[in-house]
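Here's a quick tour of how this chain packs together, from its aromatic contacts to a few odd backbone spots. Have a look at the model first, then work through the notes below.

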Amino acid sequence: MTKLYIAVPCYNEEEVLPDSSARLFDRMNRLIDGGMITPDSRIVFIDDGSTDRTWELIEKLHAHHPMFCGIKLSRNRGHQNALMAGLMTLKDEADAVISIDADLQDDIEVFDEMLCKLDEGCDVVYGVRSKRDTDTFFKRFTAEGYYKILEKMGAKVIFNHADFRLMSRRALQAFAQYGEVNLFLRGMVPLVGYRSDIVTYERSERLAGESKYPLKKMLSLAWEGITSLSTKPIKFVTRLGLIIFLISIVMLLYFFIRFLCGATVTGWASLAVSIWAIGGLQLLAIGIIGEYIGKIYLETKRRPRYIIETYLKD
């Protein structure tokens, strides 16, 4: 049997926590009764500096039953850091850890499928959405396009996979060697390279409350993923600069020939457009390079990705 821990990052989840905790508790008990996991398996909520009653509810759950545990971060560090805190805290305590969001839009009924694949020798099992019918057209179009862009840039990501996955103790201990501050877990986990597989499921509607990933945060995470996993944007800037330089040489020859032919034109419009176009491209290039320099700056500081204030366990 497997000693299984469920890592659940939470940020202002007081509305959804009572229902999701009850469903997870029931699911874990069914797995225990079925002989798939050990009775000392646990559900661990990671409070990412919530400002509502989330931590208070976690404390009550822990007092009610030892299956519920809680990790409280000293302040809000973001979903990826909160999840990393949970995984790294639990890596030496469990045989396997399943990460899942508190809203339980991901299907907890595939836990047994994941455990079966673990028994077959897989160290990582990815939960992959079979379809995106619950998403709006805009979200579905942008999400699928984003995965394709990452793939084109050479980043190995699992299509239609977020952060719902099972990782064995061996995979977690190997993953602990990745010490970067800029986290994009769904792109970093495949880098471990151990045997992996997928399980498919249909994503359901959120139980209650509002999504903690509005468009702004989704765009930020998308850009984090691109710049954390690929240097192709910088290579693109280099190629763009070379192309513009070659075009400028051709234009210089063209205007020189026009001058020799006596067909000189004032050209104020073309000159103005050229200045604005080149200026914009230069600012874009500086901005992209600046993003990478900023990441280097953060990495060299070696600041902690999170600080655990409290760990409620047995």
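Let's begin with F25, which comes out at 23% relative accessibility and so counts as partly exposed, since buried would need under 20%. Keep in mind that this is a predicted model. F25 belongs to an aromatic cluster, and that's a handy way into the rest of the fold.

**Aromatic rings**

- The whole structure holds 5 aromatic pairs.
- In one of them, the ring centres of F25 and F68 are 5.5 Å apart and the planes sit at 25 degrees, so this pair is stacked.
- That pair bridges distant parts of the chain: F25 is in helix α1 and F68 is in strand β3, 43 residues apart.
- F68 has just 3% relative accessibility, so it counts as buried.
- F68 also pairs with F45: their ring centres are 6.2 Å apart with planes at 20 degrees, so this one is stacked too.
- Since F45 is in strand β2 and F68 in strand β3, the pair ties together parts that lie 23 residues apart in sequence.
- Both F45 and F68 are buried.
- Put F25, F45 and F68 together and you have one aromatic cluster.
- Elsewhere, R170 places its charged end over the ring of Y194, 3.9 Å from the ring centre.

**The two-sided helix α2**

- Which residues of α2 (residues 54-64) are buried? They are T54, W55, L57, I58 and L61.
- Look down the axis of α2 and those buried residues fall within an arc of 160 degrees, so they line one face of the helix.
- On the other side of α2, you'll find A63 and H64 exposed.
- The cover over the buried residues of α2 includes strands β1 (4-10), β2 (42-47), β3 (68-73) and β8 (308-312), along with helix α1 (17-33).

**Nonpolar cores**

- The largest nonpolar core has 37 residues, and the members touching the most others are L4, I6, V8, L24, F45 and F111.
- At least two residues of this core come from each of β1, α1, β2, α2, β4 (96-99), α4 (111-119), β6 (161-168) and β7 (196-201).
- The biggest giver to this core is α1, with 5 residues.
- Take I6 as a sample: setting aside residues up to four places away in sequence, I6 touches L24, M28, R42, I43, V44, I98, I100 and F111.
- Another core lies apart from that one; it has 31 residues, among them Y5, A82, A171 and V192.

**A171, from the other core**

- A171 lies in helix α6 (residues 169-175).
- With a relative accessible area of 0%, A171 is buried.
- Leaving out residues up to four places away in sequence, A171 touches D123, V124, V192 and Y194.
- One of those, D123, is 48 residues from A171 in sequence, yet the two are 5.9 Å apart in space, C-alpha to C-alpha.

**Charged residues that are buried**

- K72 lies in strand β3, and at 16% relative accessibility K72 counts as buried.
- What does K72 contact once its neighbours within four places in sequence are left aside? The list is D47, W55, I307, I308, E309 and T310.
- W55 in that list is also one of the buried residues of α2.
- R186 lies in helix α7 (residues 185-188), and its 15% relative accessibility means R186 counts as buried.
- The side chain of R186 makes a polar contact with the side chain of D163, at 3.4 Å.

**Positive phi outside glycine**

- N12 isn't a glycine, but its phi is positive, near 50 degrees.
- You'll find N12 in the loop between β1 and α1.
- L104 isn't a glycine either, and its phi is positive at about 55 degrees.
- L104 is in the loop between β4 and α4.
- Is L104 buried or exposed? Its relative accessible area is 1%, so L104 is buried.

Key: Residues are numbered from 1 along each chain as its sequence is written. This is a predicted model: local features need pLDDT of at least 70, side-chain atom pairs count only at pLDDT 80 or more; totals for chains, interfaces and linings use all residues. Side-chain values use heavy atoms; hydrogens and water are left out. Buried means under 20% relative accessible area, exposed over 50%, partly exposed in between (1.4 Å probe, protein chains only). Helices (H or I, at least four residues) and strands (E, at least two) are DSSP runs, numbered from the N terminus. The arc is that of the directions from the helix axis to the C-beta atoms. Contact means heavy atoms within 4.5 Å. Rings of Phe, Tyr and Trp (its six-membered ring) pair if their centres lie within 6.5 Å; planes under 30 degrees apart count as stacked, over 60 as edge-to-face and the rest as tilted. A charge sits over a ring if NZ of Lys or CZ of Arg is within 6 Å of the ring centre and within 35 degrees of the ring normal. A nonpolar core is a set of buried Ala, Val, Leu, Ile, Met, Phe, Trp, Tyr and Cys residues joined through side-chain atoms within 4.5 Å. A polar contact is a pair of N or O atoms within 3.5 Å; within protein, one must be able to donate a hydrogen and the other to accept it, and residues adjacent in sequence count only if both atoms are side-chain atoms.
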